Number of protein chains: 2
Amino acid sequence: MKDVLTRRDWLRRSGMLLGGATLIGASTITAATPSQRRSRSPIRMMFNENPYGPSRTARMTMTKAFEESSLYNHFGASVELKEMLAKKEGVKPEQIVIGSGSREILNVTALHYLGDGGDIVANYPGYETLNMYAENLGAKVNRVQVKDDMSPDFPALEKAVNKNTKMINICNPNNPTGVAIGADKLEPFCRKIESKCLVFVDEAYNEYVMDKGYRSMVNLVKEGLNVMVTRTFSKIYALAGIRVGYGVAKPEIISKIEPLITGTVNILGLRAAMASLQDEAFQEMSRSKNLEAKEMVYEVLEQTRKEYAVSEGNFIFFRTGIPITDFQAKMEKKGILVGRPFPPFDKWCRLSMAKPNEMKKFASRFKEVMA
Amino acid sequence: MKDVLTRRDWLRRSGMLLGGATLIGASTITAATPSQRRSRSPIRMMFNENPYGPSRTARMTMTKAFEESSLYNHFGASVELKEMLAKKEGVKPEQIVIGSGSREILNVTALHYLGDGGDIVANYPGYETLNMYAENLGAKVNRVQVKDDMSPDFPALEKAVNKNTKMINICNPNNPTGVAIGADKLEPFCRKIESKCLVFVDEAYNEYVMDKGYRSMVNLVKEGLNVMVTRTFSKIYALAGIRVGYGVAKPEIISKIEPLITGTVNILGLRAAMASLQDEAFQEMSRSKNLEAKEMVYEVLEQTRKEYAVSEGNFIFFRTGIPITDFQAKMEKKGILVGRPFPPFDKWCRLSMAKPNEMKKFASRFKEVMA
């Protein structure tokens with residue numbers, strides 16, 4: 001009998017408990033030597049990075065933009081990118097806010113809504129950046145555990161909203177699980193809750209999604225609802241280190257959060273983002289290579305009888321069956337870096353997709369570790 | 001009789017009044033076409049940019065860093081840059097905070113000290129970014145006008161500090177005036193005030209200063225005083241569009257403001273900053289070309305009998321004698337962009353230094369306009 005995840009009971013089986021979110025930082029693992037950085041050795045399967053970029057178009061554009069890198073042209077370029085994004089999303093430029101990665105938009109939204117107190121309801125596990133910034137400000141984060149099938153527990157989320165709640169934080173597709181919520185479930189929930197508090201939907205992995213039931217919540221923003229959506233150039237566009245992301249919401253929301261942004265996006269990032277948006281061939285290549293890599297991992301996981309969650313992102317969350325810290329160490333010895341612990345998922349691993357030859361090495365080394 | 005500025009009475013002569021700081025934004029003037037951006041036509045003498053960069057070293061380093069631009073290596077690179085800066089400044093890495101331009105450090109300091117109320121005392125005219133972010137948060141900015149010789153009115157600044165004051169904001173050398181405060185005056189003031197509130201000193205133009213009486217206030221940070229200093233890679237290092245700056249203060253201050261930063265600095269900026277720090281030849285070239293250009297402007301101003309302030313920055317503040325908006329328009333018609341209005345200095349212009357051939361064009365066209 002194969003032991004592949006049946007979504008209904010995987011959480012129960014893995015004996016998960018909602019504990020404190022003691023998340024391990026990324027700084028030590030990134031302290032690679034210059035040659036390690038360039039050779040991708042060890043193999044990087046830990047940060048949900050796109051291994052194929054930046055695209056050639058982005059590189060060429062950035063090289064041209066060196067000419068304006070000593071200038072304050074980023075103010076104007078920011079306006080240009082906003083106009084481009086507004087057109088793409090079918091909204092007005094005043095409904096777009098650009099940040100140094102979508103992380104900046106998450107943080108500044110927390111700052112606006114929770115800087116003066118209040119609490120936040122978050123789908124858990126999820127992407128914790130916004131929650132952590134909010135906690136830093138002294139806000140209370142009310143984490144509501146997903147159901148056994150890993151989908152949000154909408155009734156419990158709704159119940160957790162009280163008069164102090166300023167926003168609900170949902171990531172879709174979710175990180176670290178990779179699970180996408182269908183529009184048939186998320187839309188009605190957003191419509192029900194938006195009168196009570198902001199519904200924040202982080203769609204960082206939006207462009208990787210293949211599931212026909214998924215839809216971006218930007219449609220609800222267009223209807224004028226109290227919903228905010230974020231996107232990033234870090235994933236399918238492969239510009240993680242260049243730091244560009246954006247948020248889409250009603251002008252009334254954007255005009256309040258934008259002035260709170262502390263930094264300014266760099267000109268190379270802005271130009272690279274504009275070029276990358278138009279480079280559909282690169283996006284398509286990234287998407288199809290990612291699918292190939294995921295198929296390879298699913299196969300290996302089925303061969304080794306591991307449970308996993310079907311992923312709509314560029315990573316797969318699966319049950320190692322051994323403590324994640326042990327698994328991490330064993331894989332690192334074999335030259336492969338895998339995702340950090342996501343407590344309380346102590347026997348689960350988030351594995352990011354890599355290049356084909358790296359994926360092959362992963363497959364054989366994983367089998368050795370699991371033998 | 002030459003009409004060159006005698007510092008004692010220039011303010012009186014120009015009939016300055018301290019009015020509301022209605023500052024005109026930069027976004028319209030930066031909306032240049034791609035060919036204008038590359039050709040530097042019209043000539044840019046409006047934003048205190050370094051016309052010589054980024055340096056060749058910085059460009060080469062950024063090109064190499066394309067390889068890691070799809071990765072989250074900026075966390076590690078940020079640690080590397082901090083260590084380098086700590087060594088340079090003679091402090092510990094935990095005394096350094098890095099931001100997307102020093103602007104981010106200014107904003108986040110305002111956020112920490114004034115997010116929960118309180119007021120700020122500012123030397124005026126000065127660099128208004130921090131003040132404006134603070135006002136956005138609802139804080140009160142108490143602007144204290146400089147003395148007739150354009151140096152800070154220290155007794156008035158001291159008097160303006162009350163129990164609600166969280167910080168004093170000083171820019172040295174000052175922008176838009178270019179005037180540097182000697183250490184013999186600034187140090188005793190800092191020592192006197194730091195027990196009452198944070199003394200914030202923005203030293204963006206530090207590396208251009210030739211005046212022997214000037215000293216960085218980092219020395220006071222090293223002594224453990226309640227003083228914070230900011231620096232930028234936008235000026236002598238010519239990386240304005242790449243967005244890298246830093247702050248130096250006690251670890252207790254850094255640990256409070258750093259978590260409030262909303263964004264993250266990009267990998268190309270971090271690598272370019274590290275390379276630029278070591279490229280002393282480029283810094284020296286920028287410094288000496290800047291001096292040459294300033295000498296040329298002083299000469300033209302003396303020939304046309306205009307008052308000016310002796311500048312330690314990469315720009316010169318001088319009295320046009322005609323409304324600045326008229327002067328701007330006339331110069332723009334001749335293909336030269338000069339600084340925006342700095343109310344209430346309605347007949348003064350901040351002129352940034354440009355390349356030698358551009359400086360020659362400025363000299364002849366300025367004389368035509370003033371004829």
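Contact here means heavy atoms within 4.5 Å. The exercises below use a predicted model, in which local features need pLDDT of at least 70, side-chain atom pairs count only at pLDDT 80 or more, and totals for chains, interfaces and linings use all residues. Residues are numbered from 1 along each chain as its sequence is written, chains are lettered from A in the order in which they are written, and side-chain values use heavy atoms, with hydrogens and water left out.

**Exercise 1. Describe the interface of chain B and chain A.**

Step 1. Start with the residues: chain B gives 54 to the contact, and chain A gives 54.

Step 2. Now take the buried area, the accessible area (1.4 Å probe) that two parts lose on being put together, summed over both. For chain B and chain A this is about 4900 Å², with 56% of it on carbon and sulfur atoms.

Step 3. Look for salt bridges (a side-chain nitrogen of Lys or Arg within 4 Å of a carboxyl oxygen of Asp or Glu). The rule finds two across this interface. In the pair of Glu67(B) and Arg59(A), the closest N and O atoms are 2.9 Å apart.

**Exercise 2. Find which parts of chain A are linked by the salt bridge of Glu128(A) with Arg143(A).**

Step 1. Check the distance: the closest N and O atoms of Glu128(A) and Arg143(A) are 2.6 Å apart.

Step 2. Place both residues. Glu128(A) sits in the loop between strand 3 (119-124) and helix 6 (129-136), while Arg143(A) belongs to strand 4 (residues 140-145), so the pair, 15 residues apart, links distant parts of the chain. Helices (H or I, at least four residues) and strands (E, at least two) are DSSP runs, numbered from the N terminus.

Step 3. For the wider count, the rule gives 36 salt bridges over all chains.

**Exercise 3. Work out how helix 13 of chain B lies against helix 14 of chain B.**

Step 1. Fit the axes (lines fitted to C-alpha atoms, for helices over the stretch in contact, with angles from 0 to 180 degrees between N-to-C directions). Those of helix 13 (residues 324-333) and helix 14 (residues 356-370) of chain B come within 10 Å and cross at roughly 125 degrees.

Step 2. Helix 13 of chain B is therefore oblique to helix 14 of chain B, since angles under 35 degrees count as roughly parallel, over 145 as roughly antiparallel, 65 to 115 as roughly perpendicular and the rest as oblique.

Step 3. List the residues: Phe327(B), Lys330(B) and Met331(B) of helix 13 meet Phe362(B), Arg365(B), Phe366(B), Val369(B) and Met370(B) of helix 14.
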